[in-house]
Amino acid sequence: MIKGFKEFILRGNVIDLAVAVVIGAAFSAIVDVVVKSLVNPLISLFFKADSLDNALKLTIHGPFGGTGTFAFGAIIGAIINFLAVALVVYFAFVMPMNHFNQRRAAKAGVTEEPEALPSEQELLIQIRDLLEKQKSA
């Protein structure tokens, strides 16, 4: 039982996932600071609000006395935050790791050959076979 647990923990996937969670949590703090100190002041220049959460609000009064407030600014802010995080994660982690893996594969002599595309005749044969299957079904 302990051996199985040890193999599970030392498997690359689990360690990669743990590292991703820790880095994601730490990176979240960085994004929050960037949004508060850079994005929100820029928003203040264009809107009468201190952040997108308070900008572009639309309040609609219902026929029975109720009101509903749509916060379009908050949605736009969430999209901007997501794109900022995705951009930095890609350039800081994914792109360097892909480059590292390509260099490691090149040193090992592994070359990726593109998969050969089927010829025009092979495609026509496949289409014919599919059409025959549809007729018989």
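**Close-up views of a predicted model**

**View 1. Phe-70, a ring that is partly exposed.** Let's start with one side chain in this predicted model. Phe-70 has a relative accessibility of 42%. That value falls between the 20% limit for buried and the 50% limit for exposed, so Phe-70 counts as partly exposed.

**View 2. Phe-70 and its partner, Phe-72.** How many aromatic pairs does the count come to? The answer is two. In one of them, the ring centres of Phe-70 and Phe-72 sit 6.2 Å apart, and with 20 degrees between their planes the pair is stacked. Phe-72 is partly exposed, at 42% relative accessible area.

**View 3. Tyr-90 meets Phe-91 edge-to-face.** Here the ring centres are 5.2 Å apart and the planes stand at 80 degrees. Are these two residues buried, exposed or in between? Tyr-90 is partly exposed at 38% relative accessibility, and Phe-91 is partly exposed too, at 47%.

**View 4. Stepping back to the whole chain.** The protein has four helices and two strands, and from the N terminus they come in the order α-α-β-β-α-α. Its radius of gyration is 26 Å, whereas a compact globule of 137 residues would have one near 14 Å. The C-alpha atoms fill a box of roughly 65 × 55 × 40 Å along the principal axes. Just 8% of the 137 residues are buried.

**View 5. The surface and its charges.** About 11,900 Å² of the protein is exposed, with 68% of that area coming from carbon and sulfur atoms. There are 12 positive and 12 negative charges, and their mean positions lie 8 Å apart.

Technical notes: Residues numbered from 1 in each chain as written. Predicted model: local features only at pLDDT ≥ 70, side-chain atom pairs only at ≥ 80, totals over all residues. Heavy atoms only, no water. Rg over C-alpha atoms; globule rule 2.2 N^0.38 Å. Buried < 20%, exposed > 50% of the residue type's maximum accessible area, 1.4 Å probe, protein only. Areas by Shrake-Rupley, 256 points an atom, 1.4 Å probe, with all protein chains shown as cover. Lys, Arg positive; Asp, Glu negative; His and termini not counted. Charge placed at Lys NZ, Arg CZ, Asp CG, Glu CD. Phe/Tyr/Trp six-rings, centres within 6.5 Å; stacked < 30°, edge-to-face > 60°.
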